[in-house]
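Here is a short briefing to read alongside the coordinates. Keep the viewer open and follow the topics in turn.

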Amino acid sequence: MRPTLLTLLLLVCSALFANGAAAENIASGLRVVVIDAGHGGKFPGATYAGLREKDLTLSVALKLGKLVESGLPGVKVVYTRKTDTELGATLLADLQKRADIANGAGGDLFVSIHVNAARSSAARGVETLVMGETPKEQRYNEDALYANNREDLIDMSDEKTAAIVRAYIQNLQFTYGEYSMAMARCIQRQYVKSGRHDRGIKPQLLRVLYATDMPGVLTEIGFMSNPQEAAYMKSEKGRDEIARSLFEAVKSYAAYV
Ligand SMILES: [Zn+2]
């Protein structure tokens, strides 16, 4: 099911309405962190040479949750999934459910974990995405998104949808934008500390971030199409290190808010 204009409008209205109260809450500390292991069940995400994105994201998500639970006792951890399962019958329903869980839990921070894959095995490094629009994405229409398996992005070819989404982004940047950016910077800084290749922070029109009413990031923990990074993520030690980086980032973010 594709979201209708009405659903988008409702989302924006509820977000606009909620933001006044939410903005006050952000500065009063981190109480609930929502950890989202990307994909799951019948939606495996990227697969490459026997590696499945859904397995790597789940492993890192669980490790991160454990670190937060033991290292930041005042912070409650909510997972969107703790097992290998999809959260909806369609990809869109699955993404919406993640946001619903986060919103329902009253999350103060949303951290979505994903793994990159590219055609070239040379592509490498870590990047963190925040909600926003790049000039390139303005050209995408829904058919192109579906053809390219990018149902996780929002169709901006329809003028009305684009206007609503842009109004939302402006509003979001006013309330959550700087916090999402702060978290993204904390994450990238930790990755660099542990010797990872920095691809930076990028804006993208991600449905899952669009639908979550809190500061949020989507972090790509490496390329499974790159042999070195695939081996690193396949190893327990590598995944421990990634989870540790994300934990240190949550810790810095908690101190920041
Ligand atoms: Zn993914």
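Is Asp55 buried, partly exposed or exposed? Asp55 is partly exposed, with a relative accessible area of 32%. Please keep in mind that this is a predicted model. The protein chain holds 8 helices and 8 strands, and 53% of its 257 residues count as buried. Among contacts between residues at least 6 apart in sequence, 80% join residues at least 24 apart.

**Two residues of helix α2**

- Asp55 has its place in helix α2. Its C-alpha atom is separated by 8.8 Å from that of His39, and these two residues are 16 apart along the chain.
- Leu58 is also found in helix α2. With a relative accessible area of 12%, Leu58 is buried, whereas Asp55 is partly exposed at 32%.
- Setting aside neighbours within four places in sequence, Leu58 is in contact with Ala37, Arg81, Lys82, Thr83 and Asp84.
- Leu58 and Ile113 are 55 residues apart in sequence, and their C-alpha atoms are 8.3 Å apart in space.

**Helix α2 against helix α8**

- Helix α2 covers residues 53-71 and helix α8 covers residues 236-256. They pack at an angle of about 50 degrees, with their axes 8 Å apart.
- That angle lies outside the 65 to 115 degrees that count as roughly perpendicular and is not under 35 degrees, the limit for roughly parallel, so α2 and α8 are oblique to each other.
- The crossing of these two helices, α2 and α8, is right-handed.
- On the α2 side, the residues that meet α8 are Leu56, Ser59, Val60, Lys63, Leu64, Leu67, Val68 and Gly71. On the α8 side, they are Glu236, Arg239, Asp240, Ile242, Ala243, Arg244, Leu246, Phe247 and Val250.
- Sorted by class, the contact of α2 with α8 has 10 nonpolar, 2 polar and 5 charged residues.

**Helix α7 against helix α8**

- Helices α7 and α8 pack at an angle of about 85 degrees, and their axes are 4 Å apart.
- Because 65 to 115 degrees counts as roughly perpendicular, α7 and α8 are described as roughly perpendicular to each other.
- From α7, Tyr232, Met233 and Lys234 take part in the contact, meeting Glu236, Gly238, Arg239, Glu241 and Ile242 in α8.
- The residues of this contact of α7 with α8 divide into 3 nonpolar, 1 polar and 4 charged.
- Glu236, Arg239 and Ile242 of α8 appear in the contact with α7, and they also appear in the contact with α2.

**Salt bridges**

- Side chains of opposite charge can pair when their charged atoms come close. In this model the count comes to 14 salt bridges.
- Which residue forms a salt bridge with Arg199? The partner is Glu127, with the closest N and O atoms 3.0 Å apart.
- Arg199 lies in strand β7 (residues 198-204) and Glu127 in strand β6 (residues 126-131), so this pair ties together parts that are 72 residues apart in sequence.
- Arg199 is partly exposed, at a relative accessible area of 30%, while Glu127 is buried, at 8%.
- Arg196 and Glu229 meet through their side chains in a salt bridge, at 3.8 Å from N to O. This pair links distant parts of the chain, with Arg196 in the loop between α5 (159-193) and β7 and Glu229 in helix α7 (residues 227-234), 33 residues apart.
- Arg196 is buried, with a relative accessible area of 10%, and Glu229 counts as buried at 8% relative accessibility.
- Within helix α8, the side chains of Glu236 and Arg239 meet in a salt bridge of 3.6 Å, N to O. The two residues are 3 apart, about one turn of the helix.
- Glu236 counts as partly exposed at 47% relative accessibility, whereas Arg239 counts as buried at 12%.
- Lys63, Glu236, Arg239 and Asp240 are linked in a network of salt bridges. These four residues also appear in the contact of α2 with α8, with Lys63 coming from α2 and Glu236, Arg239 and Asp240 from α8.

Definitions and conventions:
Residues numbered from 1 in each chain as written. Predicted model: local features only at pLDDT ≥ 70, side-chain atom pairs only at ≥ 80, totals over all residues. Heavy atoms only, no water. Axes fitted to C-alpha atoms, helices over the stretch in contact; angles between N-to-C directions. Parallel < 35°, antiparallel > 145°, perpendicular 65-115°, else oblique. Left-handed = near helix turned anticlockwise from the far one by under 90°. Contact = heavy atoms within 4.5 Å. Nonpolar A, V, L, I, M, F, W, Y, C, P; charged D, E, K, R; others polar. Salt bridge = Lys/Arg side-chain N within 4 Å of Asp/Glu carboxyl O. Buried < 20%, exposed > 50% of the residue type's maximum accessible area, 1.4 Å probe, protein only.
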